[in-house]
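Take a look at the chain shown below. This report walks through its strands, its helices and the core between them.

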Amino acid sequence: MAGALRRLSGEQASAALSRLSPLWRLGDGGERLERTFRFNNFCDAFGFMSRVALHAEKADHHPNWSNVYNTVEVKLWTHDAGGLTDKDFALAAAMDYAATSTGSAVEGP
């Protein structure tokens, strides 16, 4: 990792959140970025996770997530910074793109 990552203030995190899908939310007192993705089926959900995994590996920033059938629960934060950084919002935007680019995501909570 090249240099220390700067943790975002609450105001900065809220501003960055406004640029993502409205399905993202701040959790854990503003320390985490969270979203539930729903897909048509397990294969679509797993395909999404595979696409995101490739991006996350290149970015050296890995999500905390779980998958049950067609649902992927995501929580993002930067462990080294002890909260949210620009890397979290960049990964969230990449996840939004991965979910919508195939047309397999089902919008909603």
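Which residues does L5 contact, leaving aside its neighbours within four places in sequence? They are T78, A81, T85 and K87. Keep in mind that this is a predicted model. L5 itself sits in the segment before α1. Its relative accessibility is 29%, so L5 counts as partly exposed. Now compare L5 with N70. The two are 65 residues apart in sequence, and their C-alpha atoms lie 33 Å apart in space.

**The strands**

Start with β2, which covers residues 32-39. Of its 8 residues, 7 are buried, so β2 is largely enclosed by the rest of the structure. Several strands pair with β2. The table lists these pairings, along with that of β3 and β4.

| Strands | Sense | Bridges | Citation |
|---|---|---|---|
| β1 and β2 | antiparallel | 3 bridges | |
| β2 and β4 | antiparallel | 6 bridges | |
| β2 and β5 | antiparallel | 2 bridges | |
| β3 and β4 | antiparallel | 5 bridges | |

Individual residues show how the strands line up. L26 has L33 in β2 as its bridge partner. L33 is also partnered with L76 in β4. F39 has its bridge partner, A105, in β5. In the pairing of β3 with β4, N64 stands opposite K75.

Two hairpins appear here. β1 and β2 form one, with 4 residues between them. In that turn, D28 has a positive phi of about 55°. β3 and β4 form another, with 2 residues between them. There, Y69 in the turn has a positive phi of about 45°.

**Helix α2**

Helix α2 takes in residues 42-59, which makes 18 residues. From first C-alpha to last it reaches 25 Å, close to the 26 Å expected at 1.5 Å a residue. Which residues of α2 are buried? They are A45, F48, M49, V52 and A56. Seen down the axis of α2, these buried residues fall within an arc of 95°, so they line one face of the helix. A general rule helps here. An α-helix has 3.6 residues a turn, so residues three or four places apart point the same way.

The face turned away from the buried side of α2 looks outward instead: C43, L54, E57 and K58 are exposed there. What covers the buried residues of α2? The cover includes β2, β3, β4 and α3.

Both ends of α2 have something to show. At the N-terminal end, N41 acts as a cap. A side-chain oxygen of N41 lies 3.1 Å from the backbone nitrogen of C43. After α2 comes D60, whose phi is positive, near 55°.

**Helix α3**

Helix α3 has 16 residues. It reaches 22 Å from its first C-alpha to its last, close to the 22 Å expected at 1.5 Å a residue. Its buried residues are D88, F89, L91, A92, A94, M95, D96, A98 and A99. The cover over these residues includes α1, β2, α2, β3, β4 and β5. Just after α3, G103 takes a positive phi of about 75°.

Look at D96 within α3. Is D96 buried or exposed? Its relative accessibility is 13%, and buried means under 20%, so D96 counts as buried. Not counting residues up to four places away in sequence, D96 touches L20, S21, W24, R35 and F37.

**The nonpolar core**

In soluble globular proteins, nonpolar side chains tend to be buried together. In this model, the largest nonpolar core has 25 residues. Which of them touch the most other members? They are W24, L33, F37, F48 and F89. The elements that give two or more residues to this core are α1, β2, α2, β4 and α3. The largest share, 6 residues, comes from α3.

L33 shows how widely one core residue can reach along the chain. Leaving aside its neighbours within four places in sequence, L33 has contacts that include L17, L20, W24 and R25. Further along the chain, L33 is in contact with V74, K75, L76, L84, D88, F89 and A92. L26 is another contact of L33, and L26 is also its bridge partner.

Key. Residues are numbered from 1 along each chain as its sequence is written. This is a predicted model: local features need pLDDT of at least 70, side-chain atom pairs count only at pLDDT 80 or more; totals for chains, interfaces and linings use all residues. Side-chain values use heavy atoms; hydrogens and water are left out. The expected span of a helix is 1.5 Å times one less than its number of residues. Buried means under 20% relative accessible area, exposed over 50%, partly exposed in between (1.4 Å probe, protein chains only). The arc is that of the directions from the helix axis to the C-beta atoms. Contact means heavy atoms within 4.5 Å. A polar contact is a pair of N or O atoms within 3.5 Å; within protein, one must be able to donate a hydrogen and the other to accept it, and residues adjacent in sequence count only if both atoms are side-chain atoms. Two strands pair if DSSP finds at least two bridges between them. A nonpolar core is a set of buried Ala, Val, Leu, Ile, Met, Phe, Trp, Tyr and Cys residues joined through side-chain atoms within 4.5 Å.
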